[in-house]
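Biologist: Could you walk me through this one, starting with the ligand and then moving to anything odd in the backbone?

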Amino acid sequence: MFDKILIANRGEIALRIIRACREMGIASVAVYSEADKDSMHVQLADEAYCVGPARSAESYLKIDQIIAAAEVGNVDAIHPGYGFLAENAHFNEVCRSSGFEFIGPSPQAMERLGDKNTARSMAIANNVPVVPGSDGLIETDEAAIEVAKQIGYPVLIKATAGGGGKGMRVAEDEASLATALQQARNEAQAAFGNAGVYLERYVGNPRHIEVQVIADGHGNVVHLFERDCSVQRRHQKLIEEAPSPNLPEERRQAICDAAVRMIRGAEYSNAATVEFIVDQDDNFYFIEVNARIQVEHPVSEMITGIDLIKAQLTVAAGEKLPFTQDDIQCTGHAIECRINAEDPKHQFRPNPGKIQHLFVPGGLGVRFDSHVYAGYTVPPHYDSMIGKLIVHRPTRDQAIATMRRALAEMQVDGIAVTASFHDQVLQHPEFLSGQHDTKFVEREFLG
Ligand code: ADP
C-alpha cells in the first residue's frame with residue numbers, strides 16, 4: 001500500500017480522500033489555489049502546497065505545478081478526485097512517467113472510454129445495448145439525413161468529445177437537421193477542440209440510471225448496483241438515489257451485468273460509472289462511461305457498506321479487491337441532495353460569499369460530506385456545491401422522511417443555498433411515486 005499520496009483537487013472530494021487516507025495510515029498532501037488558502041482540505045491534510053492563483057486554469061489544472069508539488073511532497077501516487085484533471089489522459093500519463101501512480105484507470109483505458117463514439121463501439125462489441133444511431137462519426141449532411149431517415153426523428157446530435165451537455169442538439173425533422181449539425185459541430189470545436197459528432201435517436205422522457213463498477217488489475221470486476229439520477233436541471237444532477245425506484249429486479253440485474261461486461265471489455269481497472277438512459281418500457285441504452293469517482297458515489301457506499309475511495313487506493317496499489325460480487329449486498333435505501341450555493345428563487349443564480357453561521361444536521365442515518373464551516377467564504381471561482389447531504393434508511397419512504405427532517409434542520413446563514421428546493425422535490429407526488437424522468441424538474445418547477 002502507498003505511504004503518501006497527493007490529492008489534485010479541492011472541496012468536499014479532497015476531504016473525502018483525506019479521510020480514507022487517514023483511516024488507512026496513508027499520509028496526504030493537499031494542493032490549493034491562492035483563493036483556497038483557508039480551506040478545510042489544506043487544514044486537514046498532512047502537508048499542503050500552493051499551486052497558483054484562483055483561476056483553475058492557473059492552479060488546479062496546471063499539470064507541471066501539480067507534479068512539482070508531488071515531487072516536493074515525495075508522494076507515491078496522485079488521486080485526481082472528480083472534475084479538473086480527473087479524466088485527462090495526458091495528465092494520467094504524465095503522473096506515471098514522472099514516477100507517480102495515478103489512482104484511476106490506465107491512460108489507454110481512459111482514452112478508449114473518454115471518446116464517446118469509441119465507447120459506443122465498445123458497448124456494441126460487448127453486447128451492451130446502445131441507442132439506435134449512426135455507425136461511427138457523421139462526416140456529411142447527406143450521411144446524417146440518411147441515418148436520421150433510418151432511425152426516425154427526433155434525432156440527437158452528440159459530440160464525441162462531449163461533456164456537461166455541450167455539443168448536443170436535437171433535430172425534430174430533416175429541415176432543421178443541417179443547421180443543428182453545424183451548431184453541434186461549432187460548439188464541440190469551441191469547447192473541446194474536436195468537431196466530431198454522431199447521431200442517436202432522441203429518447204423521449206428517459207430516466208438516467210447508472211451503475212457503479214470497481215475493477216482491480218487481476219481481472220476482478222464487480223458492480224455496487226445502480227443509482228437513479230433523474231432529478232436534473234440542465235443535465236446537472238441534483239438528487240441521486242440507490243436503488244432505483246421502479247426498476248424491476250430482472251432489469252436491475254441486466255443493467256448491472258451490462259455495465260460489468262462493458263468495463264471488463266475495456267480492460268479497465270479502478271472505479272467507473274457506466275451511464276444509461278432508460279425509456280418508459282424499461283429498455284436501457286448505454287450513453288457513456290465516467291472514468292473516475294463520481295460526486296454521487298456515497299449513495300452506493302451507503303447501500304453496500306463499501307468504502308469506494310479505499311477500494312480505489314487498494315486496486316491502484318496493485319492489490320486485489322477484498323470482496324467478490326457475492327459479498328456485495330444491497331441494504332436499505334440511500335438518497336443524496338447536492339447542496340449548492342445557488343439561489344433557487346432566482347433561477348439558481350450562483351451565490352458565493354461568507355457563511356456567517358452553520359448548523360449541520362445529524363441523527364440516525366444522516367451523513368454530510370462537506371468542506372464548509374462557519375466563517376468560511378465560498379469563492380466565486382469554482383463549482384457551487386458546498387456539500388452533499390446523504391441519508392440511509394431501511395426503506396425509500398423512511399429515507400425521504402429523514403432527508404426532509406435533515407434539510408429542515410440545516411442552517412446556512414449568509415448565502416442562499418438549494419435546501420428549500422430539495423424539500424419541494426421530495427414532497428412532489430411524481431417524485432414520491434418514483435415515476436419521474438430527467439425532464440421532471442423543468443416540467444414541474446421551472447416551466
Ligand atoms: P454529457 O457527457 O455531455 O453529460 P451524456 O451523454 O451523459 O452527455 O448525456 C447527458 C444527458 O442527456 C443524459 O443524462 C440524458 O438526460 C440526455 N441524453 C443523452 N442521450 C440521449 C438520447 N439519445 N435521447 C434522449 N436524451 C439523451
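**Ligand and backbone**

Modeller: Gladly, and please keep in mind throughout that this is a predicted model.

Biologist: Fine. How many residues surround the ligand, and which are the closest?

Modeller: The ligand is surrounded by 20 residues, and the closest are Lys116, Gly165, Glu200, Val203 and Glu288. By class, that shell is made up of seven nonpolar, seven polar and six charged residues.

Biologist: What does the side chain of Lys116 do there, in terms of distance to the ligand?

Modeller: An N or O atom in the Lys116 side chain is 2.9 Å from an oxygen atom of the ligand. Glu288 also has a polar side-chain atom facing a ligand oxygen atom, at 2.7 Å, while for Glu200 the partner is a nitrogen atom of the ligand, 2.9 Å from a polar side-chain atom.

Biologist: And how much of the ligand's accessible area does the protein cover?

Modeller: On its own the ligand has 550 Å² of accessible area, and the protein covers 94% of that.

Biologist: Which strands supply at least two residues each to the shell?

Modeller: Those are strand 6, strand 8 (197–201), strand 12 and strand 13 (284–290).

Biologist: Why do you say the ligand lies between domain 2 and domain 3?

Modeller: Because domain 2, residues 132–201, and domain 3, residues 207–444, both give residues to the shell around the ligand.

Biologist: Switching to the backbone, which peptide bonds are cis?

Modeller: One is the bond from Tyr153 to Pro154, with omega near -5°, and another is the bond from Ala242 to Pro243, with omega near -10°. Most peptide bonds are trans.

Biologist: Where do those two prolines sit?

Modeller: Pro154 is in the loop that runs between helix 7 (141–151) and strand 6 (155–159), and strand 6 is one of the strands that supply the ligand shell. Pro243 is in the loop between strand 11 (236–242) and helix 9 (249–265).

Biologist: What about phi, say at Phe225?

Modeller: Phe225 has a positive phi of about 70°, although it is not a glycine. Most residues other than glycine have a negative phi. Phe225 belongs to strand 10, residues 221–233.

Biologist: Is Phe225 buried or exposed?

Modeller: Phe225 has a relative accessible area of 15%, and it counts as buried because that value is under the 20% cut-off.

Biologist: And Asn270, what is its phi and where is it?

Modeller: Asn270, again not a glycine, has a positive phi of about 90°, and its place is in strand 12, residues 270–278. With 1% relative accessibility, Asn270 is buried.

Terms used
Residues numbered from 1 in each chain as written. Predicted model: local features only at pLDDT ≥ 70, side-chain atom pairs only at ≥ 80, totals over all residues. Heavy atoms only, no water. Helix = DSSP H or I, 4+ residues; strand = E, 2+ residues; numbered from the N terminus. Buried < 20%, exposed > 50% of the residue type's maximum accessible area, 1.4 Å probe, protein only. Near = heavy atom within 4 Å. Polar contact = N/O pair within 3.5 Å; in protein donor to acceptor, adjacent residues only side chain to side chain. Areas by Shrake-Rupley, 256 points an atom, 1.4 Å probe, with all protein chains shown as cover. Nonpolar A, V, L, I, M, F, W, Y, C, P; charged D, E, K, R; others polar. Domains from an automatic or database assignment.
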